[in-house]
Amino acid sequence: MSKPLSDKLDNLLNEGAISLHVPGHKNMTIGNLDKHLSLNMDMTEITGLDDLHHPEEVILKSMKTINKHKDYTAHFLVNGTTSGILSVIQAFSTVNGKYIVARNSHKSVFHGLDLVNEDATLLEMNLSKRTNQYEGPNVNAEIKDFNEAKLGIFTYPNYYGECFDVQAMINRFKLEKIPVLIDEAHGAHFDLEGFPTSSLNMGADYVVQSYHKTLPALTMGSVIFIHKNAAQKENVLKYMSYFQTSSPSYLIMSSLEQAQRFYERYDGQDFYNKRTQLVEKIKAMDMNVLEVDDKLKLLVSCPGYSGFDLQRMFEEKGIYVELADEYQILLILPLWHSDDCYPYDTLLTKINELKIERREKKETSEVNIRLQSGTYHSGDIKKSRWVDIDKAENEILGNDIVPYPPGIPVMFKGETITQNMIKLMNYWHEQHVRVEGIKKHKIEIKDE
Ligand SMILES: Cc1ncc(COP(=O)(O)O)c(C=O)c1O
């Protein structure tokens, strides 16, 4: 019988694939999760095992161990941060007013807006000169429709590990008594020594962390933290049970409990030693290392090479990175610890074997990312058709265009397609970047 997926995964493990990407257990080499969990724990709601959708016993007890901050209760999410974001957006649909959203939000935010069929105000953004990504919203800019706002939604940190002044933004919203949801998907390890501060310390109403991304938890394991004074609390809990499976995985839930234990006992000494050595090794190979606010992330670039070139070279050596873009690759480092099984020495050896030549600097596509505030138009475009990218100028985009990863829409449905956008899509096509919304060099446009 054909079993293509299992075979592929088997091959990767047999070849000794080295993970510099999510999940945080790095192919089960960080956190000793496999020593604490076994597959036969994959049970269901039998007597004594409680019910995630009505927790009163052991699941409630377990969730209480996730006590990162005294003002918040923690709730397991077995369908990722996505399910937490959808639940909060859905809960606020009963409130009058507008959603105010950062343009660099994850696609789950825009899906949530589509589900409630409400437009949102998109905030003016700042571009990071270091990474060429959205760093975060401009905290000083005027906010359109602020007097009508009902919920602010911000991503902190960005995918590349950069932090904007989220405290200033939360204060601004708090002053007007507008609740905020912080998508801290990439910050489950925050507040550990040397890492940025979590927005749990800043009075956010809802904070969602993907434990699986940076801590050793199973994929899909996330936690939503709800402030004791958060508006719509009961409604959010209700929708969490709508947006999550009725058969929650006991393995995922136990892995969250284990990840929390790991977090509480974590000593970063090994991490910082190994990180320093790794950075030196990469630099010694004539590559550049860009360090960002979150020390768990490293950006590696090299003159004459695109990020896609570097990704291919790393993969030829069996090293898998989180993502590549035009300029760089993004590495998500392991939270190394004294008794991990991460193949660190092999990683250094393989990096040493990379053949980096001196090359002329490459021309980049120089596509301007839009920073100005605007509106997200929710809902589907009723009638659309597929056209070749090169024939789409001045047409209206029929679907969001989302490079994955990172899963952040770069172009929204309803927008007029410019030459600049076509240039960028062609560049992705040439580089074989996975982009949701583009199929065989075609995109959907509005057809009326
Ligand atoms: C910024 C951001 N928010 C939310 C998510 C969704 O998280 P999850 O995969 O836990 O559903 C992601 C996933 O990549 C993300 O990068």
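**Exercise 1. Which residues in H4 meet which residues in H8?** State how the two helices cross and classify their contact.

*Solution.* The structure is a predicted model, in which local features need pLDDT of at least 70 and side-chain atom pairs count only at pLDDT 80 or more, while totals for chains, interfaces and linings use all residues. Residues are numbered from 1 along each chain as its sequence is written, and side-chain values use heavy atoms, with hydrogens and water left out.

Step 1. Helices (H or I, at least four residues) and strands (E, at least two) are DSSP runs, numbered from the N terminus. Helix H8 covers residues 233–242, and helix H4 covers 80–91.

Step 2. Contact means heavy atoms within 4.5 Å. On the H4 side the residues are Ser-87, Val-88, Gln-90 and Ala-91, and they meet Asn-235, Val-236, Tyr-239 and Met-240 in H8. By class, this contact has 5 nonpolar, 3 polar and no charged residues. Here Ala, Val, Leu, Ile, Met, Phe, Trp, Tyr, Cys and Pro count as nonpolar, Asp, Glu, Lys and Arg as charged, and the others, Gly among them, as polar.

Step 3. The axes are lines fitted to C-alpha atoms, for helices over the stretch in contact, and angles run from 0 to 180 degrees between N-to-C directions. The axes of H4 and H8 come within 8 Å and cross at roughly 130°. H4 is therefore oblique to H8; angles under 35 degrees count as roughly parallel, over 145 as roughly antiparallel, 65 to 115 as roughly perpendicular and the rest as oblique.

Step 4. H4 passes H8 in a right-handed crossing. A crossing is right-handed if the near helix is turned clockwise from the far one by less than a right angle, and left-handed if anticlockwise.

**Exercise 2. Describe the packing of H4 with H5 and of H10 with H12.**

*Solution.* Step 1. The axes of H4 and H5 cross at roughly 35° and come within 9 Å. H4 passes H5 in a right-handed crossing. From H4, the contact involves Thr-82, Ile-85, Leu-86, Ile-89 and Gln-90; from H5, the residues include His-111, Leu-113 and Val-116. The classes in this contact are 7 nonpolar, 5 polar and no charged residues.

Step 2. Helix H10 (residues 269–284) packs against helix H12 (residues 344–352) at an angle of about 15°, and their axes are 10 Å apart. This makes H10 roughly parallel to H12. The crossing of H10 past H12 is right-handed.

Step 3. Lys-274, Gln-277, Leu-278, Lys-281 and Ile-282 of H10 meet Tyr-344, Leu-347, Leu-348, Ile-351 and Asn-352 of H12. By class, this contact has 6 nonpolar, 2 polar and 2 charged residues.

**Exercise 3. Characterise the largest cavity and the largest pocket.**

*Solution.* Step 1. On a 1 Å grid over the protein atoms alone, a cavity is a set of points where a 1.4 Å probe fits but cannot get out, and a pocket is an open set with protein on both sides within 12 Å along at least five of seven lines; lining residues have an atom within 4 Å of a point. Grid points are joined across faces, edges and corners, and a volume is the space filled by probe spheres set on the points.

Step 2. There are 2 cavities of 30 Å³ or more. The largest cavity has a volume of about 500 Å³. It is lined by 26 residues, of which Gln-133, Asp-325, Ile-369, Val-410 and Trp-428 are the closest to its centre. H13 gives the largest share of this lining, 3 residues. The lining divides into 19 nonpolar, 5 polar and 2 charged residues.

Step 3. The largest pocket holds about 1,000 Å³ of space. Its lining has 40 residues, and Tyr-159, Glu-322, Tyr-404, Pro-405 and Arg-434 are the closest to its centre. The elements that give two or more residues to this lining include H4, H5 and E14. Its classes are 17 nonpolar, 16 polar and 7 charged residues.

**Exercise 4. Locate the cis peptide bonds at Pro-23 and Pro-157, and the positive phi of Asp-191.**

*Solution.* Step 1. Most residues other than glycine have a negative phi, and most peptide bonds are trans.

Step 2. The bond that joins Val-22 and Pro-23 is cis, with omega about -5°. Pro-23 lies in the loop between strand E1 and helix H2. The bond from Tyr-156 to Pro-157 is also cis, with omega near 0°, and Pro-157 is in the loop between strand E7 and helix H6.

Step 3. Asp-191 has a phi near 80°, and its place is in the loop between strands E8 and E9.
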